[in-house]
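Trainee: Could we go through the reasoning behind the labels on this one? I'd like to see how each term gets earned.

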Amino acid sequence: MADHGPHNRRIFALPALFALVTTSVFLIVMRWRAGAAGFPLDDAWIHQTYARNLALHGEFSFVLGQPSAGSTAPLWTLLLAPGYWLGLAPFVWAWALGALSLIGAALAAAYLARGLFPEEEHPTIPVLAALVVAGEWHLVWSAASGMETALFAAGVLALLGVAVRWARKLPTPRQAFLGGVGIGALTLTRPEGVLLSGILGLALLISLWRRWSVLVKYGLIVGAGLLLVVLPYVALNLHLSGAPFPNTFYAKQQEYGILYTLPLLTRLFRLWPTLLAGPLVMLILALPWALDDPRRAPGQWLPLVWVVGTWVLYAWRLPVTYQHGRYLIPIIPPLLVYGTGGLRRFWRKARSGWRWIVTRAWAAATALVLISFLWLGADIFATDVAIINGEMVDVAQWINTHTAPDTHIAAHDIGALGYFAQRPLLDLAGLVSPEVIPFIRDEAQLLAWMEARQAEYLVTFPSWYPTLVADPRLELVYQTDTALTRAHGEDNMAIYRCRWP
């Protein structure tokens, strides 16, 4: 591929700047519409609590004095911790990391695009792909959410770009080792990051077809880099919980096990509507023009293999779409890269006639959809923040004001409670109380468990546990009054005092 030169490389400052602008727009709209700073989901406060305890007390714990294997993103926890050493507000450092992650995702999209479309002599496709990723509202929402999603997406794009290159040219042993380290870091960002080991393995197989001894050697080198990073975390999980993955990995699957009764085909396709709500709905149509004959360019198919594999895995084990499909958001950027390249290829071939009109209209419609959903996404983000502040943060502050520091609180959403109230917690979702995972949806057993553990208060949305909250031993003492929550068809969070015999 031709050297783009210093001038062309400077062009990539545009996507980086655009990422800063889009993130800033979300935060400004949040402040304007929500009236206060915040995060759009309670899980962000879980990460903040782990990071604060690590930074200030040297404990990898959610409840002080109780080390736990509850964090699915320990690398994100480590990155958040310096904010507490610097004495910054929790939002500031998290938003800065999120903006940097979005910039990283945009530049990694350009890197992947340069690998997928090597015939492009000018950086048109890489720059356009980077701009689209920097402006896709799901990704901007992720960058401002206080969560690890944007960082994970950046890592996925970078490693997919590596895989495409390995399929064309065998890496050096040092590069192979660093590839394994990269997979390890991604796995510490989210457990499914380990799937990238299969993609890099396929890339090596393409490069080393029939050279089995060399393939084994490279596989061992990549594996060594992966294990160097991941084994300490696996050992910690085994020590704390007896399982290799964090508690949440198992709790989520158990909690939403009822969805496994749906046919797999239904689960596969119910995941897509929320992901297609944005520029992807326009660019995915260009996928046929992005893919070459697999016999001529097998590496070009590797990112698509990862997308399909991740999609099938989630449909099989965690087919949920809440929070704008946040678990599957990382599959959006590779598809945007494919779509941008495909549309550009179609554009170049359409020099006159109806194709010329179609490509120009298609590109203009894609840009319009991206900008429109960016504004809609900012409003959605502000709404999400207002609901979390009005529900989880509000009840956490009530608990902090009206109960003693040693009060035992049972709750389903523990993020804001852990951060603002810092009480001993009984977690109905299994994050810090993994013993509930086997009966996580059995309200009678949960009630008995709460009684056995002498919970003094229960914090939950009443509709989540209708049988449990109807028990006469639970007395409603406080309920939020956030109208926005009710306007979205949900009930307000409530606090119940437990009166056991």
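**Labels and what earns them**

Mentor: Sure, and let's start with one pair: leucine 458 stands opposite tyrosine 496 in β7. Keep in mind that this is a predicted model.

Trainee: What makes β5 and β7 a pair?

Mentor: The cut-off is at least two bridges between the strands. Strand β5 (residues 457-460) and strand β7 (residues 494-498) have 4 bridges, in the antiparallel sense, so they count as paired. Threonine 460, for instance, sits opposite alanine 494 in β7.

Trainee: And how do you know that β3 pairs with β5?

Mentor: Same test: 3 bridges join them, and the cut-off is at least two. Here the strands run parallel, with isoleucine 409 having tyrosine 457 of β5 as its bridge partner.

Trainee: Why is the sheet's pairing called mixed?

Mentor: Look at β5: with β3 it runs parallel, while with β7 it is antiparallel. The sheet is an open one of 5 strands, in the order β4-β3-β5-β7-β6.

Trainee: What makes a strand an edge strand here?

Mentor: Pairing on one side only, which is the case for β4 (425-427) and β6 (474-479). From one strand to the next, the twist averages 25°.

Trainee: How do you know which residues of β5 are buried?

Mentor: The threshold is under 20% relative accessible area. Tyr457 and Val459 on one side, and Leu458 and Thr460 on the other, are all buried, so both faces of β5 are covered. That split fits the general pattern: in a regular strand the side chains alternate between the two faces of the sheet.

Trainee: Which helices touch the sheet?

Mentor: Helix α20 (residues 353-402) lies across β3 (409-411), β5, β6 and β7, at about 110° to β6. Helix α22 (residues 443-452) packs on the sheet too, touching β3, β4, β5, β6 and β7, and its direction makes about 160° with that of β4.

Trainee: What would you call that 110° between α20 and β6?

Mentor: Roughly perpendicular, because 65 to 115 degrees is the range for that word and the angle is about 110°.

Trainee: Then why is α9 called roughly antiparallel to α10?

Mentor: The axes of α9 (residues 173-189) and α10 (residues 196-207) cross at roughly 160°, coming within 9 Å. Over 145 degrees counts as roughly antiparallel, so α9 gets that label relative to α10. The crossing is right-handed.

Trainee: What meets what there?

Mentor: Gly179, Ile183 and Leu186 in α9 meet Leu196, Ser197 and Leu200 in α10. By class, that contact has 4 nonpolar, 2 polar and no charged residues; Gly counts as polar.

Definitions and conventions. Residues are numbered from 1 along each chain as its sequence is written. This is a predicted model: local features need pLDDT of at least 70, side-chain atom pairs count only at pLDDT 80 or more; totals for chains, interfaces and linings use all residues. Side-chain values use heavy atoms; hydrogens and water are left out. Helices (H or I, at least four residues) and strands (E, at least two) are DSSP runs, numbered from the N terminus. Axes are lines fitted to C-alpha atoms, for helices over the stretch in contact, and angles run from 0 to 180 degrees between N-to-C directions. Contact means heavy atoms within 4.5 Å. Buried means under 20% relative accessible area, exposed over 50%, partly exposed in between (1.4 Å probe, protein chains only). Angles under 35 degrees count as roughly parallel, over 145 as roughly antiparallel, 65 to 115 as roughly perpendicular and the rest as oblique. A crossing is left-handed if the near helix is turned anticlockwise from the far one by less than a right angle, and right-handed if clockwise.
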